[in-house]
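Reader: Please take a close look at one part of this model and set it against the chain as a whole.

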Amino acid sequence: MEYVMTILPSMLSGLKMTAGVFILTIIGALPLGVIVSMALRSEIYLLRWLTNGYIWIMRGTPLLLQIVFVYYGLSLAHIATFPRFEAAIFTFILNYAAYFAEIFRGGLQSVPQGQYDGAKVLGLSQFQTMRKIVLPQVVKIVMPSVGNEVVNLVKDTSLVYVIGLADLMRAGNIAASRDVTLVPYLMVGVLYLVLTIFATVIMRRVETNLNYYK
């Protein structure tokens, strides 16, 4: 127990970094995913082609490789130089927005065309139709899938160690290597489980609140 209390401060410091990556990714990726999903249904061929290409790259390559490319690759190519944290957030938002876009695209396709036609008859603009009629239904439909991605995001945040960010996993690695014991890894596992339980409970509560449509 004494050893656990000794390494607990470094673990909690890593937990702050993990939580920061998680929260900022959710804040950035969800709205971007909605915008990309709408672009996928655009009548402009070039826009559809570009968004499909973006989703194909983001979903077709490992997130770990994308983090390395954004942090090291863009800098070596003299395109852009991101600090470590900003590089991680930028990559996570782009990656998860692609997955959220596909989820929202499925939700948009599930809304019958008749509802769009009805909104047009009522004189609603395209923006009003999306905000008042389509999106409230889509959010309810896609919430279970979004919840799965949120839980995956909790675990994927551990990938930021590859560019040297002091997250929870890195704190565990350092303590385990220094003290030659598996106790830090056990603590890391417990803390990730707590985070996933917390995220799952919140998503379930959101799903329950959206059931007022029934």
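Author: Of the chain's 214 residues, 37% count as buried, a term for under 20% relative accessible area, with exposed meaning over 50% and partly exposed the range in between (1.4 Å probe, protein chains only). The model is predicted: local features need pLDDT of at least 70 and side-chain atom pairs pLDDT 80 or more, while totals for chains, interfaces and linings use all residues. Numbering runs from 1 along each chain as its sequence is written, and side-chain values use heavy atoms, without hydrogens or water.

The chain has 8 helices and 0 strands; these are DSSP runs numbered from the N terminus, with H or I over at least four residues for a helix and E over at least two for a strand.

The part chosen here is helix 3. It covers residues 63–76, 14 residues in total, and its first and last C-alpha atoms are 19 Å apart, close to the expected 20 Å. That expectation is 1.5 Å times one less than the number of residues. At F69, helix 3 bends by about 40°, the angle between axes fitted to the seven residues ending there and the seven starting there.

The buried residues of helix 3 are L63, Q66, I67, V70, Y71 and L74. An α-helix has 3.6 residues a turn, so residues three or four places apart point the same way. The cover over the buried residues of helix 3 includes helix 2 (45–60), helix 4 (84–109) and helix 6 (126–156), with contact meaning heavy atoms within 4.5 Å. After helix 3 comes H78, with a positive phi near 60°.
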